[in-house]
Amino acid sequence: MNSVGEACTELKREYDQCFNRWFAEKFLKGESDGDPCGQLFKRYQLCVQKAIKEKDIPIEGLEFMGPSKGKTEDSS
């Protein structure tokens with residue numbers, strides 16, 4: 001599947017390959033320490049954020065992965 005931004009598709013492919021390799025070769029064998037794909041993910045995430053802004057895609061109300069800024073876990 002392509003990324004939301006055409007310029008991000010190659011980064012997505014690289015990240016997907018890295019993650020799938022890590023998941024199959026390390027995580028499923030009990031080796032879960034480290035984050036070998038973290039930098040690729042950050043580059044891909046920045047690219048997607050830029051593409052969303054450029055395409056003026058509304059994202060209000062959506063929560064993204066990562067730390068919740070100013071929210072508590074018990075905010076019901």
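Okay, let's start with a word I'll keep using: a residue is buried when its relative accessible area is under 20%, exposed when that is over 50%, and partly exposed in between. With that in hand, 21% of the 76 residues in this chain count as buried. And before anyone asks, what you have in front of you is a predicted model.

So, the overall picture. The chain has two helices and zero strands. Helix α1 covers residues 9-25, and helix α2 covers residues 38-54. The chain exposes about 6700 Å², and carbon and sulfur atoms supply 53% of that. If you take contacts between residues at least 6 apart in sequence, 56% of them join residues at least 24 apart.

Now the charged side chains. How many salt bridges does the structure hold? There are four, and I'll walk you through some of them.

Let's begin in helix α1 with E10 and R13. Their side chains meet in a salt bridge at 2.3 Å, N to O. The two are three residues apart in the helix, so about one helical turn separates them. E10 is partly exposed at 40% relative accessibility, and R13 is partly exposed as well, at 38%.

Staying in helix α1, D16 and K12 also make a salt bridge, at 2.7 Å, N to O. They sit four residues apart, again about one turn of the helix. Here's one for you: is K12 buried or exposed? K12 is buried, because its relative accessible area is 14% and the cut-off is under 20%. Its partner D16 is partly exposed, at 28%. And who touches K12? Setting aside neighbours within four places in sequence, K12 is in contact with M1, N2, S3 and Y44.

Over in helix α2, K50 and E54 form a salt bridge too, with 3.9 Å from N to O. They are four residues apart, so about one helical turn lies between them. Both ends are out in the open by our cut-off: K50 is exposed at 53%, and E54 is exposed at 60%.

While we're on acidic residues, have a look at E14, also in helix α1. E14 is partly exposed, with a relative accessible area of 27%. Leaving out residues up to four places away in sequence, E14 touches L40 and R43. E14 and F41 are 27 residues apart in sequence, and their C-alphas are 9.1 Å apart in space.

That brings me to the aromatics. A pair of aromatic rings is described by the distance of the centres and the angle of the planes. The model has seven aromatic pairs. One of them is F19 with W22, a tilted pair, 5.7 Å centre to centre with 50° between the planes. Both residues lie in helix α1, three residues apart, about one turn of the helix. W22 is buried at 18%, whereas F19 is partly exposed at 31%.

F19 pairs with F23 as well, and this time the rings are stacked: 5.8 Å between centres and 20° between the planes. Why stacked? Because the angle is 20°, and planes under 30 degrees apart count as stacked. F19 and F23 are four residues apart in helix α1, about one turn. F23 is partly exposed, at 32%.

Last one: which residues join F19 in its aromatic cluster? Y15, W22, F23, F27 and F41 are in there with F19, forming one cluster. Okay, that's me done.

Notes:
Residues are numbered from 1 along each chain as its sequence is written. This is a predicted model: local features need pLDDT of at least 70, side-chain atom pairs count only at pLDDT 80 or more; totals for chains, interfaces and linings use all residues. Side-chain values use heavy atoms; hydrogens and water are left out. Rings of Phe, Tyr and Trp (its six-membered ring) pair if their centres lie within 6.5 Å; planes under 30 degrees apart count as stacked, over 60 as edge-to-face and the rest as tilted. Buried means under 20% relative accessible area, exposed over 50%, partly exposed in between (1.4 Å probe, protein chains only). Contact means heavy atoms within 4.5 Å. Accessible areas come from the Shrake-Rupley method with a 1.4 Å probe; for residues, only the protein chains shown count as cover.
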